[in-house]
Amino acid sequence: MTSVEQVKSIEEAMQIAIAQSYQVKGTTYPNPPVGAVIVDQEGKVVGVGATEPAGGDHAEVVALRRAGRLAAGAIAIVTMEPCNHYGKTPPCVNALIEARVGTVIYGVNDPNGIAGGGAGRLSGAGVQVRSGILADQVAAGPLREWLHKQRTGLPHVTWKYATSIDGRSAAADGSSQWISSEAARADLHRRRAIADAIVVGTGTVFADNPALTARLPDGSLAPQQPLRVVVGTREIPPEAKVLNDDARTMLIRTRDPVEVLRSLADRTDVLLEGGPTLAGAFLRAGAINRILAYVAPILLGGPVTAVNDIGVSSIAQALRWQFDSVEQVGTDLLLSLVAR
């Protein structure tokens with residue numbers, strides 16, 4: 001169930017729910033990766049759960065099933081407002097009411113107009129409801145991309161790149177393997193394995209011939225592979241690694257980031273891993289929602305920068321971002337930034 005048997009606060013229980021949702025990120029599409037915890041009146045964790053793959057049970061139902069009769073009178077802590085509609089499974093609010101939980105506490109509201117309204121339904125059935133617990137952490141966690149998709153109708157785009165501390169993505173001769181550390185590369189493969197798609201341009205295919213797969217630490221393919229997307233007007237050779245059988249590949253014959261996102265409208269979490277030209281085009285179009293920069297403690301100099309023209313000619317025109325997090329990965333720093 002969980003190594004934590006007793007919690008001292010609702011916030012601690014919500015942290016467990018968030019951790020549960022991280023474990024299923026990338027496996028639940030089109031449903032959101034939600035985590036749930038059932039805590040009895042003495043503060044003991046009696047059930048935990050997370051959203052199962054599409055067609056399976058939602059987090060609340062999984063946690064309730066594990067709690068069994070101990071759910072009666074207990075507190076259900078969920079990262080997102082329980083759903084209130086019939087899809088492939090019945091509404092989660094039905095399961096909570098039938099289990100006779102006493103209180104439901106959740107992090108963020110369900111923005112889906114069809115599935116929302118769970119809080120009101122629970123209150124009407126006599127269940128106490130609280131919201132907003134660790135909402136910022138929940139919204140910036142595994143639900144980040146799904147919530148963005150619900151708000152905008154478009155996939156969430158994370159631009160990932162590796163660079164030296166002087167902003168170079170390759171040496172003067174074009175060599176770039178490896179700027180980042182082995183730990184940073186492993187971290188990237190972990191992120192690929194939970195993404196819906198990876199986007200590069202034809203220039204990257206010609207220059208690096210990448211496979212664009214997600215691999216485990218032992219080098220084998222991860223069980224889940226993102227869609228590989230190559231954009232641009234040039235034909236790529238049939239022997240290119242990106243066309244092998246390790247994963248599916250989509251070729252989009254355009255250089256327009258807006259058209260690319262429209263072509264990927266059925267996706268939620270997209271990694272942009274293209275070179276400086278493609279990154280510049282996406283930045284100029286305002287099509288990047290998050291930046292993940294792996295910064296290595298090396299100096300390269302030379303002309304190969306991480307991004308080319310982004311339409312900025314003066315400091316006043318600078319595209320300003322704010323740090324979301326900073327962490328050390330191996331010998332590198334991983335900078336996460338979001339738009340202001």
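Reader: What should the 15 residues of helix 1 span, and how far apart are its end C-alpha atoms?
Author: At 1.5 Å a residue, the span should be 21 Å, and the end C-alpha atoms are 22 Å apart, so the two agree. The expected span is 1.5 Å times one less than the number of residues. Helices (H or I, at least four residues) and strands (E, at least two) are DSSP runs, numbered from the N terminus.

Reader: Ground rules for the model?
Author: It is a predicted model: local features need pLDDT of at least 70, side-chain atom pairs count only at pLDDT 80 or more, and totals for chains, interfaces and linings use all residues. Residues are numbered from 1 along each chain as its sequence is written, and side-chain values use heavy atoms, leaving out hydrogens and water.

Reader: Back to helix 1. Which of its residues are buried?
Author: Among them are Ile 10, Ala 13, Met 14 and Val 24. Buried means under 20% relative accessible area, exposed over 50%, partly exposed in between (1.4 Å probe, protein chains only).

Reader: And what do the buried residues pack against?
Author: Strands 1, 2, 3, 4 and 5, plus helix 5 (135-139). Contact means heavy atoms within 4.5 Å.

Reader: In what order do the five strands of the open sheet run?
Author: The order is 2-1-3-4-5, with mixed pairing. Strand 2 (45-50) and strand 5 (128-131) are at the edges, each with a single partner strand, so one side of each has no neighbour in the sheet. Two strands pair if DSSP finds at least two bridges between them.

Reader: How many bridges join strand 1 to strand 3?
Author: Four, and the strands run antiparallel. Val 37 stands opposite Ile 77 in strand 3.

Reader: New topic. Which residue does UniProt list for "active site"?
Author: Glu 60, from an unreviewed entry. UniProt positions use the numbering here, feature names are shortened, and annotations may be inferred rather than shown by experiment.

Reader: Is Glu 60 buried or exposed?
Author: Glu 60 is buried, at a relative accessible area of 5%. Glu 60 sits in helix 2 (residues 59-67). Leaving out residues up to four places away in sequence, Glu 60 touches several residues, including Ala 36, Met 80 and Cys 83.

Reader: Last one. How many residues of strand 8 are buried?
Author: Five of its five. Leu 227, Val 229 and Val 231 cover one side, Arg 228 and Val 230 the other.

Reader: How does strand 7 join strand 8?
Author: Through five bridges, running parallel. Ile 198 has Arg 228 as its bridge partner in strand 8.
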